[in-house]
Amino acid sequence: MSGGVEWALHCCVVLTSVEEPIPATKLAELHDVSASYLAKQLQALSRAGLVRSVQGKSGGYVLTREPASITVLDVVEAVDGPAAAFTCTEIRQRGPLATPAESCTTPCPIARAMSGADAAWREALRAVSIADLAQDVAESSGPSAMTRVSAWLTAPQG
């Protein structure tokens, strides 16, 4: 999983604390990350329909849906794509003791284990919403954490 996923998730969580568009540069400053790299992650979220870019002087990014309806898996797939983490290359059909292709009618035990792990991982990420993460931030960082984030994000730039 790329580092962009972490950045995108943090942005989605902090966007729950505001109603107005927040510029990518402000989000990058808040997280002390590269503005150009973060912009790529925000563009991926936009292409996936999770955030919307608002143009103009008061422009920036806003969530397009309620935070409870955006899952961690939605963000992961927006940034890193929907492909499985493991790709079987049928290594068992190679080398001096290669299994003939006609004998490989079902996935090998390794491919089955990896597929099962991928399915479980995706289900776990599908079960957690951006709203859940925002609530966890409030519980772990204190009830004023998201209010402080909102105030900082919406403070006039100067």
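Is A35 buried, exposed or partly exposed? With a relative accessibility of 35%, A35 counts as partly exposed, because that class covers the range between under 20% for buried and over 50% for exposed. Please keep in mind that everything described here comes from a predicted model.

## Around helix α3

A35 has its place in helix α3. If you would like a feel for distances across the model, take A35 together with P109: in sequence they are 74 residues apart, and their C-alpha atoms are separated by 43 Å in space.

Helix α3, which spans residues 35-47, also holds Y37. Y37 is partly exposed, at a relative accessible area of 33%.

## Aromatic rings

How many aromatic pairs does a search of the whole structure find? The search turns up one. Its members are W7 and Y37, with ring centres 4.9 Å apart and planes at 85°, so the pair is edge-to-face; the cut-off for that label is an angle over 60 degrees. The two rings bring together distant parts of the chain: W7 belongs to helix α1 (residues 3-15), while Y37 sits in helix α3, and their positions lie 30 residues apart in sequence.

Another ring worth a look is that of W152, which has a charged neighbour. K26 lies over the face of W152, at a distance of 4.7 Å from the ring centre.

## Salt bridges

Now to the charged side chains. Searching the whole structure gives five salt bridges. In one of them, the side chains of D74 and R65 meet with an N to O distance of 3.2 Å. D74 is partly exposed, its relative accessible area being 25%, and R65 falls in the partly exposed class too, at 34%. E90 and R92 form another salt bridge, and here the closest N and O atoms are 2.6 Å apart. E90 is partly exposed, with a relative accessible area of 24%, and R92 is likewise partly exposed, at 24%.

What about D118 and R122? Their side chains meet in a salt bridge at 2.8 Å, N to O. Both residues lie in helix α5, four residues apart, which is about one turn of the helix. D118 is buried, with a relative accessible area of 13%, and R122 counts as buried at 10%. Salt bridges with shared partners join D118 and R122 with E77 into one network.

## A nonpolar patch

Helix α5, made of residues 109-126, also contains M114. M114 is partly exposed, at 38% relative accessible area. Which residues form a nonpolar patch on the surface with M114? They are F86 and I110, and the three together have about 270 Å² of accessible area.

## The two sides of helix α7

Helix α7 runs over residues 145-154, and its buried residues are A145, M146, V149, S150 and L153. Looking down the axis of α7, you would find these buried residues within an arc of 135°, so they line one face of the helix.

And what does the face turned away from the buried side carry? There you will find the exposed residues T147 and R148. Helix α7 thus offers a handy pair of views: A145 and V149 are among its buried residues, whereas T147 and R148 are exposed on the face turned away from them.

Terms used. Residues are numbered from 1 along each chain as its sequence is written. This is a predicted model: local features need pLDDT of at least 70, side-chain atom pairs count only at pLDDT 80 or more; totals for chains, interfaces and linings use all residues. Side-chain values use heavy atoms; hydrogens and water are left out. Rings of Phe, Tyr and Trp (its six-membered ring) pair if their centres lie within 6.5 Å; planes under 30 degrees apart count as stacked, over 60 as edge-to-face and the rest as tilted. Buried means under 20% relative accessible area, exposed over 50%, partly exposed in between (1.4 Å probe, protein chains only). A charge sits over a ring if NZ of Lys or CZ of Arg is within 6 Å of the ring centre and within 35 degrees of the ring normal. Patches are made of residues with over 30% relative accessible area and no salt bridge: like charges are joined within 9 Å, nonpolar side chains (Val, Leu, Ile, Met, Phe, Trp, Tyr) within 5 Å. Accessible areas come from the Shrake-Rupley method with a 1.4 Å probe; for residues, only the protein chains shown count as cover. A salt bridge is a side-chain nitrogen of Lys or Arg within 4 Å of a carboxyl oxygen of Asp or Glu. The arc is that of the directions from the helix axis to the C-beta atoms.
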